[in-house]
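Please look over the sequence and the model shown below before reading on. The report that follows takes up a few topics in turn, each under a short heading.

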Amino acid sequence: MQNLRTVLFIWMLLSVTMSVCKALDCQLNESNQYKVAYTIFVDKSGHGNFTKIQSAIDSVPENNTQWIRIRISAGKYKEKVVIPLKKPCIFLEGSGSHHTSVEFDDHQDLPTSAIFISYSDNIVAKGITFKNTYNLQIREDKIIWIRAPAVRIRGDKTAFYHCAFFGIQDTFFDDKGRHYFKKCYIEGAMDFIYGAAQSIYDECVISLNVEKYRPGKPGCITAQKKEWAEEHSGFVFKNCKITGIGKACLGRAWGPYSTVIIYNSTITDVVVPQGWSAWDFVGHEANFTYVETNNRGRGADTANRVPWLQKLDDFQLSKFVTMSFIDEDGWIAKLPTVS
């Protein structure tokens, strides 16, 4: 009888898992230009279906299985935007990152203070700026510096194209899941790309602004949080440009197996000579995977880097820098048309 209960439990668990996976397999509409089921229009002036982005997202059915495009007209949308867990298959398309922006003022509570939070799998965004304005304001002739994320991404299979992200501390919470960033702009001063996600940043501009807000004080670009050896987690920057004003480390360890790869990128003189910091994980340096390979620019010289900077052979490196690092099951080919 106990064995029968065990078998029934496993069968029920597999059934639930299979149904969830099926729900998250978004359908492409090959007869549509964008391969979406339909388009919802957001326009601040009232010439669309909605005037707020959140209202458009709220209109998407729960457990949706078809790609739905939300087309956002140019304008500054002063609202917080959340994509709930049960609303996958959404394609947010702005009018370009210089024309469409989501801006709000929130801070401190990292789980909820980001002005754009995505909990669901299968999400795409293109041509939108996300900006948390809390730290960017001057109050009583001084700048407030506190954790104020612009974005938090927790869902799997999420991609951003031609988007921009602005903040100072903790700009982009790349929390969990497999993510792809293509030709994006990310600006901040301290730990402004952080989390435990498994992500590739391809042809992105990573811009340091620490000198503007805290002159003479160093910042840090990444805080990667891989917590055990087998965890699917790590940040890969390839074909990127690391630039800005001030000085910063490339990364500091937020987890005992912190993993960051900088590959085939341009690094300006914003990077401090040692390059990396163990932060609260001194003694775990042998477990970190910090790699700089085939880079160029005044900040790319690794002669004075920390002694635990790793060197990988071509086979080891290929596991990170090819798309299979995040796309082994081919999910990117199943996205709607973004070009």
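## Disulfides

In this predicted model, Cys 26 and Cys 89 form a disulfide in which the two sulfur atoms are 2.0 Å apart. The link of Cys 26 and Cys 89 is left-handed, with -85 degrees about the S-S bond. This pair links distant parts of the chain, since Cys 26 belongs to the loop between helix 1 (2-23) and strand 1 (38-42), while Cys 89 belongs to the loop between strand 4 (81-83) and strand 5 (90-93), and 63 residues separate them in sequence. Cys 26 counts as buried at 9% relative accessibility, and Cys 89 is buried as well, with a relative accessible area of 0%.

A search of the whole structure finds two disulfides, and Cys 220 and Cys 249 form one of them, with their sulfur atoms 1.9 Å apart. The link of Cys 220 and Cys 249 is left-handed, with -105 degrees about the S-S bond. Cys 220 lies in strand 21 (residues 219-224) and Cys 249 in strand 24, so this disulfide ties together parts that are 29 residues apart in sequence. Both Cys 220 and Cys 249 are buried. When the bonded cysteines are numbered in sequence order, the pairing reads 1-2, 3-4.

## Cysteines outside the disulfides

Cys 204 is in no disulfide, and the nearest cysteine sulfur to it, that of Cys 184, is 4.8 Å away. With a relative accessible area of 1%, Cys 204 is buried. Cys 240 is likewise in no disulfide, and in its case the nearest cysteine sulfur is that of Cys 204, at 4.8 Å. Cys 240 is buried, with a relative accessible area of 3%. Neither distance meets the cut-off, because a disulfide requires sulfur atoms within 2.5 Å.

## Arg 252 and its surroundings

Arg 252 has its place in strand 24 (residues 248-252), the strand that also holds Cys 249 of the disulfide with Cys 220. Arg 252 has a relative accessible area of 17%, and this residue therefore counts as buried, the limit being under 20%. Arg 252 lies over the face of Trp 279, at 3.7 Å from the ring centre.

Leaving aside neighbours within four places in sequence, the residues in contact with Arg 252 include Met 190, Asp 191, Cys 220, Trp 279 and Tyr 290. A second charge placed over a ring is that of Lys 131, whose charged end sits over the ring of Phe 166, 5.0 Å from its centre.

## Aromatic pairs

The structure holds 21 aromatic pairs. In one of these, the rings of Phe 173 and Tyr 194 have their centres 4.6 Å apart and their planes at 10 degrees, so the pair is stacked. Phe 173 lies in strand 15 (residues 172-174) and Tyr 194 in strand 18 (residues 190-195), so the pair ties together parts that are 21 residues apart in sequence. Phe 173 and Tyr 194 are both buried.

Phe 288 and Trp 308 form an edge-to-face aromatic pair, at 5.5 Å centre to centre and with 75 degrees between the planes. Phe 288 is in the loop between strand 27 (276-277) and strand 28 (289-293), whereas Trp 308 is in the loop between strand 28 and helix 5 (314-321), and the pair thereby links distant parts of the chain, 20 residues apart. Phe 288 is buried, with a relative accessible area of 0%. One aromatic cluster includes Phe 116, Phe 130, Phe 160 and Tyr 201 among its members.

## The parallel sheet

Eight strands form an open sheet with parallel pairing, in the order 3-6-9-14-17-20-23-26. Its edge strands, each of which pairs on one side only, are strand 3 (75-77) and strand 26 (266-267). Within the sheet, strand 6 (residues 100-104) and strand 9 (residues 129-132) run parallel and are joined by four bridges. Val 102 has Phe 130 as its bridge partner in strand 9, and Phe 130 is also a member of the aromatic cluster.

## The protein as a whole

The protein has six helices and 28 strands, and of its 339 residues 51% count as buried. Among contacts between residues at least 6 apart in sequence, 67% join residues at least 24 apart. The accessible surface comes to about 15,600 Å², of which 53% belongs to carbon and sulfur atoms.

Conventions. Residues numbered from 1 in each chain as written. Predicted model: local features only at pLDDT ≥ 70, side-chain atom pairs only at ≥ 80, totals over all residues. Heavy atoms only, no water. Phe/Tyr/Trp six-rings, centres within 6.5 Å; stacked < 30°, edge-to-face > 60°. Helix = DSSP H or I, 4+ residues; strand = E, 2+ residues; numbered from the N terminus. Buried < 20%, exposed > 50% of the residue type's maximum accessible area, 1.4 Å probe, protein only. Lys NZ or Arg CZ within 6 Å of the ring centre and 35° of its normal. Pairing = 2+ DSSP bridges. Contact = heavy atoms within 4.5 Å. Areas by Shrake-Rupley, 256 points an atom, 1.4 Å probe, with all protein chains shown as cover.
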